[in-house]
Amino acid sequence: MTKATDLPDPTSDLTARPWFFCGIGGSGMQPLAAILKGRGAEVAGSDRSFDQGRTPEKFAALERQGFTLFPQDGSGITSEAQVLVASAAVEDTVPEMKRAKELGLPRLTRADLNAALFNSSNTGVAIAGTSGKSTVTGMLGWILEDAGRAPTIMNGAVMKNFVSEDRPFASAVVGSPDLYVSEVDESDGSIAQYRPEVGVLLNVSLDHKSMEELRVLFADYLEASHIAVINADDDEALELLEHADEAITFGIGDRGATIGIRPGSRADGPMRQAALVVDRRDDSEHSLVLNMPGRHNLSNALAAIAGANACGVSVADAVAALARFEGLARRFDIVGTSASGVTVIDDFGHNPEKCAATLRTLRSSPGRVLAFFQPHGYGPLRQMGAELAETFARELGEDDITLLCDPVYFGGTVDRSEGSERIVDLIAKAGGKAIHINTREGCGDWLVANAQSGDRIVIMGARDDTLSLFAADILSRLK
C-alpha cells in the first residue's frame with residue numbers, strides 16, 4: 001500500500017492529482033473529500049450505501065457540491081493519474097480495489113491522507129483519546145473560528161455551528177491550510193503518523209486495542225507533540241504526563257489542573273450547564289455556559305479551552321465562544337419530545353466509556369431510560385462485549401431497560417458466530433434488564449408500544465447513519 005510519505009509534497013501533489021474515494025459517504029471519508037475539493041482537487045467516489053439507496057439526502061448533497069458519484073462497480077477508476085482512498089478494512093474483492101490494482105494506482109487509507117494534510121500545516125492540532133474526540137474537535141474548531149483564526153477542521157461528526165443549506169453534513173470546514181484541527185485515531189495505530197504542534201489527550205480506556213498497546217501509542221503521541229494538553233481527571237492519561245515536553249492540564253477534580261472548575265460552582269440541568277472556569281496560572285475566573293448536559297461534556301469543554309489556549313486564544317475568549325457552541329449531530333442529540341411526554345435522543349455511544357457517559361447524563365434527570373443499542377459490528381462486539389454489558393448493567397436503574405438488535409452488517413467475510421444474545425445474557429447476569437430482538441424494526445415496534453410518559457428513549461450505535469432516521473421515525477410514531 002502506498003503511504004502518504006511516498007507521495008511528493010502534500011501541499012502541491014495532493015491537490016494536483018484526481019482522487020477517488022471508495023466509501024465517500026463514510027464519516028471519516030466525507031470530510032477529507034470535502035477538504036481536498038475545497039482546496040481545488042478533482043474528487044469523485046463510490047459508496048455501498050449509495051448503491052443501496054441508504055441516506056439518499058447525504059449523497060444528493062454531495063452531488064450538489066460537485067462530487068461525481070459512481071456505482072461501486074469499478075467504473076469510476078478510469079485513469080492511472082488517480083489516487084485511491086479506501087479504508088484498510090475494504091476487501092481486495094471490491095471492484096474498485098481490483099481496478100485500481102490493474103492500473104497500478106497508489107492507495108491511501110483515510111489516516112494516510114489525513115496525516116499528510118495535517119503534517120503539511122504550520123500548526124496541527126490533534127485531539128486523541130478513547131472517547132470525546134469528535135465533540136472536542138468541534139468545540140476547539142469553533143473556538144478558533146470564533147477567534148478569527150479560520151481553521152481547517154476534520155471531524156467525524158456533523159458540527160451544527162457550520163451547517164448550512166448548501167452543506168447540511170458539515171463534518172469538515174475548509175479554512176486556512178496553515179491551521180489544521182483534527183481528531184486522530186488510536187484504534188488502527190495511525191495516531192503514530194501525526195506530528196502535532198498541539199496534542200490533546202482526553203482519556204485512555206479499552207476500545208479496539210489492549211490497555212498495554214494504548215499506553216504505548218498515547219505515550220509516543222505525547223512525545224511527538226510540541227505542546228501536550230492532558231486530562232488530569234483520567235488516571236491513565238495523567239500517568240503519561242512524563243512523556244510531554246510542555247503540557248497544559250485540565251480537569252474538573254481537585255488535582256490542581258492548569259485549567260479547571262471552581263469547586264461548588266457547577267450547575268447542571270437536563271439540557272445545559274454552567275460553571276466557573278478557573279485558570280490557576282493567574283487564578284482568574286470565567287463564567288461558562290454550555291448548551292450540553294453531562295459531566296463528560298464539561299470535561300470536553302475544558303479540553304477545548306485548554307487546547308485553544310495552547311494555540312494562543314485566551315481562556316476568556318474560549319469560554320465566551322463555547323456559549324455559542326451548538327453541539328454535534330448524534331452526540332446526545334435531542335430529536336424531540338412527543339405529545340405523550342416521551343423524549344427521543346440520538347447518540348453515537350458505542351464503546352463502554354461513551355455509553356457510560358450518555359447513560360449517566362440520562363440518569364441524572366428523572367424518568368425511565370429505554371436504551372436501544374445497535375452494536376457497530378461483530379468484531380467490536382467480541383472485543384468489548386463483556387465491558388459493554390457491565391456498563392449497561394451498572395449505569396442503568398432497576399426500572400430502566402436495555403434493548404439490543406443484531407450487530408450492523410453491510411457485507412463481507414466477518415465471523416458472525418457471536419451476536420447480541422450473549423450481551424443480553426451478560427447484562428441479565430450482572431443484574432440489569434435487557435431484551436434482544438433480531439431486527440431494528442422489531443426493536444422500534446417494541447419501543448413505540450412500551451414507552452410511557454416521562455420516558456427517555458436513547459438510540460445508540462455507530463457506523464450507521466440511518467440510526468438518525470430510525471430515531472426520527474420513532475418520535476414520529478410516538479406523536
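Reader: Hello! In strand β20 (residues 401-404), which residues point one way and which the other way, and are they buried or exposed?
Author: Happy to start there, with the note that this is a predicted model. From β20, Thr402 and Leu404 point one way, while Ile401 and Leu403 point the other way. Whichever way they point, all of these residues are buried.

Reader: Which residue of β20 stands opposite alanine 371?
Author: Strand β19 (residues 369-374) is joined to β20 by four bridges, and the two run parallel. Opposite alanine 371 in β20 stands threonine 402.

Reader: Against which elements do the buried residues of α15 pack?
Author: Helix α15 covers residues 440-450, and its buried residues are Arg440, Gly442, Cys443, Gly444, Trp446 and Leu447. The elements they pack against are β19, β20, β21 (434-436), β22 (456-461) and α16 (466-478).

Reader: How far apart in space are arginine 463 and glycine 377, C-alpha to C-alpha?
Author: Let us first place the arginine: arginine 463 lies in the loop between β22 and α16. Its relative accessible area is 53%, and the cut-off for exposed is over 50%, so arginine 463 is exposed. In sequence, arginine 463 and glycine 377 are 86 residues apart, and in space their C-alpha atoms are separated by 8.6 Å.

Reader: Which residue of β22 stands opposite aspartate 346?
Author: Strand β18 (residues 343-347) has five of its five residues buried. Thr343, Ile345 and Asp347 lie on one side and Val344 and Asp346 on the other, so to speak of its faces, both are covered. Five bridges join β18 to β22, with the strands running parallel. Opposite aspartate 346 in β22 is isoleucine 459.

Reader: And in the hairpin of β17 and β18, which residue takes a positive phi?
Author: Here β17 (residues 333-337) and β18 run antiparallel, joined by four bridges. One pair in this arrangement is isoleucine 334 with its bridge partner in β18, isoleucine 345. The hairpin has five residues between the strands, and the residue with a positive phi near 90 degrees is glycine 341.

Reader: Why are α12 and α13 described as roughly parallel to each other?
Author: Helix α12 (residues 352-363) packs with helix α13 (residues 378-395), their axes 9 Å apart and at an angle of about 10 degrees. Angles under 35 degrees count as roughly parallel, and therefore α12 and α13 are roughly parallel to each other. Among the residues making the contact are Leu359 of α12 and Phe392 of α13. The residues of this contact comprise seven nonpolar, one polar and five charged.

Reader: Which strands stand at the edges of the five-stranded open sheet?
Author: The pairing in this sheet is parallel, and the order of its strands is β3-β2-β1-β4-β5. Two of the strands have a single partner each, so one side of each is left without a neighbour in the sheet. Those edge strands are β3 (68-70) and β5 (107-108).

Reader: What angle does helix α5 make with β4?
Author: Strand β4 (residues 83-86) runs parallel to β5, with two bridges joining them. Helix α5 (residues 95-103) lies across β1, β2, β4 and β5. Its direction relative to β4 is at about 150 degrees.

Reader: How many contacts beyond four places in sequence does the model have for residues 1-5?
Author: The mean pLDDT of the protein chain is 93, and 95% of its residues reach 70 or more. Over residues 1-5, however, pLDDT stays under 50. Where pLDDT is low, the predicted coordinates should not be read in detail. With that caution, the number of such contacts for residues 1-5 is eleven.

Definitions and conventions
Residues numbered from 1 in each chain as written. Predicted model: local features only at pLDDT ≥ 70, side-chain atom pairs only at ≥ 80, totals over all residues. Heavy atoms only, no water. Pairing = 2+ DSSP bridges. Contact = heavy atoms within 4.5 Å. Axes fitted to C-alpha atoms, helices over the stretch in contact; angles between N-to-C directions. Parallel < 35°, antiparallel > 145°, perpendicular 65-115°, else oblique. Nonpolar A, V, L, I, M, F, W, Y, C, P; charged D, E, K, R; others polar. pLDDT = per-residue confidence, 0-100. Buried < 20%, exposed > 50% of the residue type's maximum accessible area, 1.4 Å probe, protein only.
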